[in-house]
Amino acid sequence: MKQQPKATPPRWATRFLHWYCRPRLLEDLEGDLNEYFERNVARKGVRSARLIYILDVLKFLRPYTIRKIEFFHFFIHWIMIGSYFKTSRRSLVRNKLFSLINIVGLAVSMSVGLLVISIVSDLYSYDDFQDKKDRTYRIITKTVENGQTSETNLASTSIRVGEKIKESIPAIEYVTAMRAGFSGDAKVGNSTVPIEATWADNSFLKVFRFPLLKGDLETALKEPQSLVLTEKTAEKLFGESDALGKTVRFDSTIYTVTGVVQNIPKLSHINFQALISLASIDAGHNDADLHSWANIWQNYVYVTFPETIDATKLQPALDRLSKQENKTLTNRTVSVSMQPMKDIVLGGSLMNNIGPTFAPPVMWTLCGLAIVVILSACFNYTNLSVARSMRRSREVGIRKIIGAQKSHVLGQFMAESVIIALLALVFSFALFMVLRKEFLDLDKHIADVFSLNISIQNILYFILLAVITGIAAGLMPALFFSKMNALHVMKDASSMKIFRRVGIRKVLIVVQFTLSLIFIAATLIGYNQYKGLVTFNLGFKTENIINLRLQGNKGNVLAKEIAQIPAVKGISQSMMITSLGSKHGTNLTYETDSSLVWENQVDEHYLPLHQHQFLAGQNFTARPEKGKESEIIVNQQVLKKFNIGDQNPEKALGKIVSVSGQQLAIVGVVKDFHYGSLENRIEPVMFRYSSEPDRYLNVKIVSQDLPATLESIQKVWRKVDKVHELDAKIYDEQIEEAYAQFSLILKIIGVIAFLAICIASLGLFGMVVFTTETKLKEISIRKVLGASETGLIYLLCKGFLLLLVISTVIALPVTYLFFDKVVLTKFPYHQAISISDMLGGSLIVMLLAFFLIGSQTVKAARNNPAKVLKSE
Amino acid sequence: MKGANLGEFEELVLLTIASLASEAYSVAICDELEKYTGRTAKLGVVHSVLNRLEEKGLAKSRLGEATSARGGKRKRFYEVSHAGKVALVKSKEVRENIWRNIPGFNLEGSI
């Protein structure tokens with residue numbers, strides 16, 4: 001009968017005991033515990049004996065048994081650091097290839113880390129120049145239309161909140177209300193400058209720190225028709241001369257400059273070219289609607305509290321205010337709450353938001369991607385160091401025999417990896433400078449949102465990242481070396497089981513390649529989807545159409561001029577450009593049903609120009625003036641929603657609907673098309689006639705030479721409008737721009753995929769070189785004994801190829817499921833995921849890996865065995 | 001001085017060390033104590049007392065030879081030091097003095 005193996009106490013408990021117990025007490029205490037353990041095994045069985053052992057180990061954790069912190073050991077580290085540095089340098093120089101792989105990998109991956117650190121640090125330092133950042137709150141609004149369940153969350157609120165809030169919460173220090181959306185042409189003397197401004201009340205400059213260079217803080221925005229300029233705007237309008245007290249004319253109204261503020265720092269969520277006193281709106285006529293509780297779409301209210309007040313407890317007071325004010329509303333309920341100013345940029349999406357927002361999940365995803373890439377480089381370091389441990393085992397052995405303790409060897413190798421990481425940081429910083437520029441140039445919005453300045457604080461974070469990376473990379477090898485048995489190593493280094501940790505190394509390689517494959521497959525799928533979005537059949541034609549923003553000019557005048565250009569085939573006018581994501585809606589009433597329907601106001605040329613397909617009826621025939629419409633054209637969804645004519649387009653013709661108080665007859669039904677963005681399903685849309693919608697010209701051209709046509713349009717524009725820059729865009733490019741965020745995400749993931757593949761390939765290359773080097777003798781002997789070259793190559797390759805196959809088998813289904821079940825469910829009109837894309841991506845990676853493995857193994861297999869074996 | 005006084009359990013442990021002579025190591029002391037007192041003596045308690053006795057200089061210890069038992073770990077054998085002997089004797093004298101002065105107390109009949 002086979003003898004039962006002897007029961008042993010749990011190893012981790014013993015290790016824990018070793019870790020905490022004083023060396024003097026350790027041996028006999030461990031012996032005692034063992035004796036009791038054996039006794040308990042005999043009496044109570046293995047399981048309870050183990051449990052008692054664990055409990056005893058924990059119970060012995062007492063002041064008198066705990067190891068004293070040995071400062072002397074720390075001291076030794078400091079003395080030895082020179083020696084560590086020397087040996088690290090020697091080992092770096094001796095193994096140039098491996099050092100290169102490690103440093104390049106770490107540098108490349110850390111540069112991504114540096115970029116992410118600067119991005120995150122930028123996001124968190126938004127509005128830092130505001131001295132009251134921590135105690136300023138924005139009033140945000142939630143509104144529900146009666147009879148509907150979906151609530152709308154707004155960053156804006158009503159001016160009335162600003163007027164009433166101090167009554168509800170007397171603790172408030174300052175309240176300020178502002179209103180966005182002033183834009184006009186400022187006329188000073190003969191010059192005209194278009195300006196975008198914000199209305200703000202007199203407390204604005206007290207709540208926010210926009211230091212006044214000239215003017216009086218107490219009164220700057222008090223009187224109607226007061227105007228506060230930024231330095232930049234003042235220079236544009238008045239040049240070098242003092243702006244204070246001068247007048248600026250917008251249309252017929254004259255404003256007086258009462259102050260000049262410093263230019264607004266880049267990282268500010270509030271941005272303006274000029275401030276106009278809020279009192280200006282009321283001047284002349286008191287607009288009751290402006291001060292109503294329901295006017296919540298364009299106004300922003302901020303409050304500051306004294307430092308002693310905890311603003312989070314004040315919500316009940318706001319609820320009472322909302323409840324009281326809601327009594328005046330009939331068609332909706334509005335409730336307000338406070339949002340800390342420091343959460344605005346990372347606060348997620350609110351409608352009507354001002355300034356940039358960044359969704360926290362996107363930020364965390366970026367961090368995650370950076371960590372994955374850095375970890376991948378760390379894996380390389382770990383893999384190569386452990387694999388090559390034999391080369392350095394003698395050094396460790398001698399150190400241990402001379403008297404180094406475990407902690408010293410551990411410290412040495414950690415120090416070495418941290419030194420290498422810091423060295424890599426120097427290179428990665430150079431890379432980061434390149435990457436930073438590329439990132440800022442990636443999209444024009446990015447340069448507006450991020451500054452990516454290199455501050456002292458960021459540099460400290462960079463160094464911290466390098467140290468952490470070094471520790472992460474070096475921990476495994478350091479533990480491995482510190483556990484080495486000195487006697488074993490010195491007696492016979494070859495007896496060391498260098499391939500003992502092959503399991504972990506294989507796992508690391510598989511993880512690296514799985515991640516790389518996921519990234520590349522995601523990039524390819526994403527690219528296909530993006531292509532699909534941009535070239536999607538929208539239900540109308542967008543080719544060769546240039547959309548031109550009129551900016552206040554008369555559409556008909558400009559249209560007549562542009563029509564003279566030979567390349568122009570047709571011109572239409574519209575209130576908005578569809579399929580770019582923006583929407584305008586009005587209530588439509590049919591019989592008793594009433595509901596919001598998206599609209600576009602167009603002239604008679606619009607529908608033919610865009611080749612909308614009529615299912616029934618025809619284009620507008622009447623040419624009414626504004627406010628005297630009689631005809632309307634709708635899409636299929638309108639018929640479906642209101643059940644007009646049993647959803648039959650022919651029967652729907654002639655039916656009367658009511659829009660904005662006018663009775664309109666349906667004269668045409670167009671096929672469903674994409675009015676909003678492709679992220680949404682097709683919804684009810686109507687076209688209304690307007691002879692001069694006065695927003696956009698849609699110019700259809702035949703020319704092959706687009707730049708020349710644009711140039712002639714530019715010339716025409718110059719003739720008509722001398723103030724504004726021409727704003728003409730090619731429709732197809734506008735659509736691409738509307739989905740720019742996707743192409744941006746794609747580019748970022750693409751770059752990361754590329755880096756991840758590079759790093760993983762470097763690591764794989766290192767492992768292949770190492771394996772072939774170690775097996776050189778084996779190969780030579782096999783060759784002498786008659787092995788064929790192909791056989792040898794197969795022998796060397798198969799292990800690695802198997803790992804790659806495993807990674808593919810894991811990565812592809814994971815990516816497919818992630819996209820199929822998570823990402824693409826959010827896009828109702830997405831393309832099918834093509835399997836060939838995913839296989840194509842993995843094929844590229846496989847080929848690359850195969851090339852790396854192949855080149856080395858072929859070299860090894862072709863070696864002259866006589867040369868290798870002779871050197872013994 | 002606080003350290004010079006012998007606590008009750010300390011005294012018991014010290015006496016047990018003396019009684020075990022050359023075989024006095026922690027596990028044996030525990031077993032022996034259980035035998036004498038009938039109470040279970042926890043290793044944790046005994047171990048800390050032994051440590052304290054050694055700190056006070058009442059006991060001395062040395063490591064024995066390694067054997068295959070106990071996972072190859074050596075035992076720590078304790079013996080009573082001179083100061084320990086003095087303390088034990090003194091403690092015994094104190095008790096006897098008190099016993100002697102209890103009037104009319106019949107030892108044989110009391111139990």
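Begin by selecting chain B and showing its surface: in this predicted model, chain B exposes about 6900 Å², of which carbon and sulfur atoms supply 55%, the accessible area coming from the Shrake-Rupley method with a 1.4 Å probe, where for residues only the protein chains shown count as cover. Residues are numbered from 1 along each chain as its sequence is written, while chains are lettered from A in the order in which they are written. Local features need pLDDT of at least 70, side-chain atom pairs count only at pLDDT 80 or more, totals for chains, interfaces and linings use all residues, and side-chain values use heavy atoms, with hydrogens and water left out.

Now switch chain B to a cartoon, where you can find 5 helices and 2 strands, these being DSSP runs numbered from the N terminus (helices: H or I, at least four residues; strands: E, at least two). Followed from the N terminus on, the elements run α-α-α-β-β-α-α. Of the 111 residues in chain B, 36% are buried, that is, under 20% relative accessible area, computed with a 1.4 Å probe and protein chains only.

Next, select both chains and look at where they meet. The contact (heavy atoms within 4.5 Å) takes 19 residues from chain B and 17 residues from chain A. How much area is buried between chain A and chain B? It is about 1800 Å², with carbon and sulfur atoms giving 45%; buried area is the accessible area (1.4 Å probe) that two parts lose on being put together, summed over both. Pick out A:E27, A:D28 and A:Y36, which supply 29% of the area that chain A buries against chain B, more than any other three residues.

Stay at this interface and show the side chains of B:K73 and A:E30, which meet in a salt bridge at 3.7 Å, N to O. The rule, a side-chain nitrogen of Lys or Arg within 4 Å of a carboxyl oxygen of Asp or Glu, finds 7 salt bridges across the interface of chain A and chain B.

Finally, move into chain A and select A:I119, A:L123, A:F358, A:F439, A:F450 and A:L452, which have the most contacts inside the largest nonpolar core, a set of 50 residues. Such a core consists of buried Ala, Val, Leu, Ile, Met, Phe, Trp, Tyr and Cys residues joined through side-chain atoms within 4.5 Å. Helix 5 of chain A gives the largest share of this core, 13 residues. Centre the view on A:F358 and, leaving aside residues up to four places away in sequence, you will find that A:F358 touches residues including A:L123, A:M363 and A:F450.
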